[in-house]
Amino acid sequence: MLLQIRIRILAFMFLLLGSLLSGCAAQGVREVTQNTQLPRQHELTATPFFPQELYQCGPAALATTLNAIDIKVSPEQLTPEVYIPSRQGSLQVEMLAATRRHGAVAYVIPARLEALLKEISAGNPVLVMQNLGLSFAPSWHYAVAVGYDLNKELVWLRSGTFERFEMSLSAFERTWARSQHWAFVTLPPGRLPVSIDADAAARALVAFEKNAPASAAEQAYAAAVQRWPEHLVLLMGLGNSAYRNKDLHKAQQALLQATQHHPASAAAHNNLATVLLEQGQLPLARTHAEQALQLAAEDPALKQQIQQTLADIQTKLDELDAANK
Amino acid sequence: MIVKRLLSLFVATSILFTGSIQIAQAAMVSSEQVAQSAGIASAEQDRERIYAALTREDVRSELIKRGVDPLQVEQRVAALTDEEASKMANQIENAPAGGIIGAIVFIFVLLLITDILGFTKVYPFTRSVR
């Protein structure tokens, strides 16, 4: 009797486990294995490998993605840039920041298996964050996905001390899902990932522009504008970085384009006015600055900046008047 | 403690003023500002710039507290965007820090089983049944 009950309980538990497993049969996996757009398999065998030392998977993964685009840097050099001793690890935010510190752009890609495989098939190794353990016993880990085979349902990663770490697509998907599918690709300015949209590109480039040399920022924005010629932030970024790079003609072109596609953007008119002022086109500069002021109605900070532009234009006009007399 | 706060407030204020002077001279609206008003980067309102500077100060001291070389901290904080700095300040203790490979011994068996079932992948020698 007792045995029977035990067997029943056991059977029930197996049933439960079974339904749990089938329920979890990672959705993203089925989607990609049936995807006809993706090449069935691809592997970036030339991606370098840096075996990790204790707790240093962050620096090792970073070194992998940076060296893959010929930025020569070792995990040892990267450790003081990302590692937090008392946390025994590295934070996602600093992984992105460190990538930018070495002159590359860090593009966070969409949180989907399809996006990740698309990047690999386009030749871009993808740095991923995984929780190799369970949610209540986490084992957070960075690795670089470098290859996949949809027929065999496998992924290969440069991971930890393993040069070619093999995982089933579904196990990878589960461990990756625990980081909300966080992943990014590292590219030199001028190249773009294949899986992102204009807003994601803008987010990456604005962050890159902040500490990058003007010429690198200009180059990076120019490539993005070529793909998304009407995006406000990208056009502004191109205009601003060209201006910072003393490339007034390019700056004027980009900002003019920004005002044409976004006639209601006060910022675009203001920056165009500033560039025109430096080019000596004073009446046109004033027109755009006045337009900007009208558009900036509710933003006091922006208004203050525009009034400054107008004042600069006026000063220049007065100087010219004085010189003519 | 209060003295420290006041000092950082003073530093923050002076950063703010040098910042706004630079903006006033250039009169260019930065791409970051445009991105913020377009909702692409999280907004750091102008009146909250003091707060942003304080946030960076927080991140700086929190990193040092967690064992990062003070000589490195300056550059690490400078590499962050405003949005990233406030994210760090809020999550430095709780955000997942990737680094550990392997797991605690007492759940060895559990993880071994979950590994084999394909839920986890702690041990490189396991081969998932699925």
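**Exercise 1. Place B:Asp82 in its chain, and decide whether this residue is buried or exposed.**

Solution. Start with the element. B:Asp82 is found in helix H5 of chain B, which covers residues 82–91. The model is predicted, so every answer here describes a prediction. Next, count neighbours. B:Asp82 has 22 C-beta neighbours inside 10 Å. The cut-off for buried is 20 or more. Therefore B:Asp82 counts as buried. Last, look along the chain. B:Glu32 is 50 residues apart from B:Asp82, yet their C-alpha atoms are separated by 9.3 Å.

**Exercise 2. Check the length of helix H10 of chain A, then find how many of its residues are buried.**

Solution. Step one: H10(A) runs over residues 232–244, which makes 13 residues. Step two: at 1.5 Å a residue, the helix should span 18 Å. Step three: compare with the model. The end C-alpha atoms are 18 Å apart, so the two values agree.

Now the burial. Twelve of the 13 residues are buried, so H10(A) is largely enclosed by the rest of the structure. Among the buried ones are A:Leu232, A:Met236, A:Asn240 and A:Tyr243. What covers them? The cover includes helices H8 (198–211), H9 (214–227), H11 (248–261) and H12 (266–279) of chain A. Helix H2 (31–37) of chain B is also part of this cover. After the helix comes A:Lys246, with a positive phi near 60 degrees.

**Exercise 3. Trace the strand pairing around strand E7 of chain A.**

Solution. Begin with E7(A) itself. This strand holds residues 154–159, and five of its six residues are buried.

- One partner is strand E6 (residues 140–149) of chain A, paired in the antiparallel sense over six bridges. Here A:Ala143 stands opposite A:Ser159. Four residues lie between the strands of this hairpin, and A:Glu153 takes a positive phi near 55 degrees.
- Another partner is strand E8 (residues 162–168) of chain A, again antiparallel, over five bridges. A:Trp156 has A:Glu166 as its bridge partner in E8(A). Two residues separate the strands of this hairpin, and A:Gly160 in the turn has a positive phi of about 55 degrees.

**Exercise 4. Which residues touch the most other members of the largest nonpolar core?**

Solution. The core has 115 residues. The answer is A:Tyr107, A:Val126, A:Ala145 and A:Leu205. Take A:Ala145 and set aside its neighbours within four places in sequence. Its contacts then include A:Leu116, A:Ile120, A:Val126 and A:Leu157. A general tendency fits here: in soluble globular proteins, nonpolar side chains tend to be buried together.

**Exercise 5. Describe how chains A and B meet.**

Solution. Count each side. Chain A brings 65 residues to the contact and chain B brings 50. On the side of chain A, H8(A) gives the most, with eight residues. By class, that side has 30 nonpolar, 24 polar and eleven charged residues. Then look for strands. Strand E3 (residues 89–91) of chain A pairs with strand E1 (residues 97–98) of chain B, antiparallel, over two bridges. In this pair, A:Ser90 is matched with B:Gly98.

**Exercise 6. Where in chain B is the predictor's confidence lowest and highest among the elements?**

Solution. First, the whole chain. Its mean pLDDT is 72, and 62% of its residues reach 70 or more. Next, the elements. Helix H1 (residues 2–26) has the lowest mean, 48, and helix H4 (residues 70–78) the highest, 92. Over residues 11–25 the pLDDT is below 50. Residues 102–106 of chain B also stay under 50. For the complex, the predictor gives an ipTM of 0.80 and a pTM of 0.83.

How values were computed. Residues are numbered from 1 along each chain as its sequence is written. Chains are lettered from A and ligands numbered from 1 in the order in which they are written. This is a predicted model: local features need pLDDT of at least 70, side-chain atom pairs count only at pLDDT 80 or more; totals for chains, interfaces and linings use all residues. A nonpolar core is a set of buried Ala, Val, Leu, Ile, Met, Phe, Trp, Tyr and Cys residues joined through C-beta atoms within 7 Å. Two residues are in contact if their C-beta atoms, placed from the backbone, lie within 7 Å. The expected span of a helix is 1.5 Å times one less than its number of residues. Ala, Val, Leu, Ile, Met, Phe, Trp, Tyr, Cys and Pro count as nonpolar, Asp, Glu, Lys and Arg as charged, and the others, Gly among them, as polar. Two strands pair if DSSP finds at least two bridges between them. pLDDT is the predictor's confidence in each residue, from 0 to 100.
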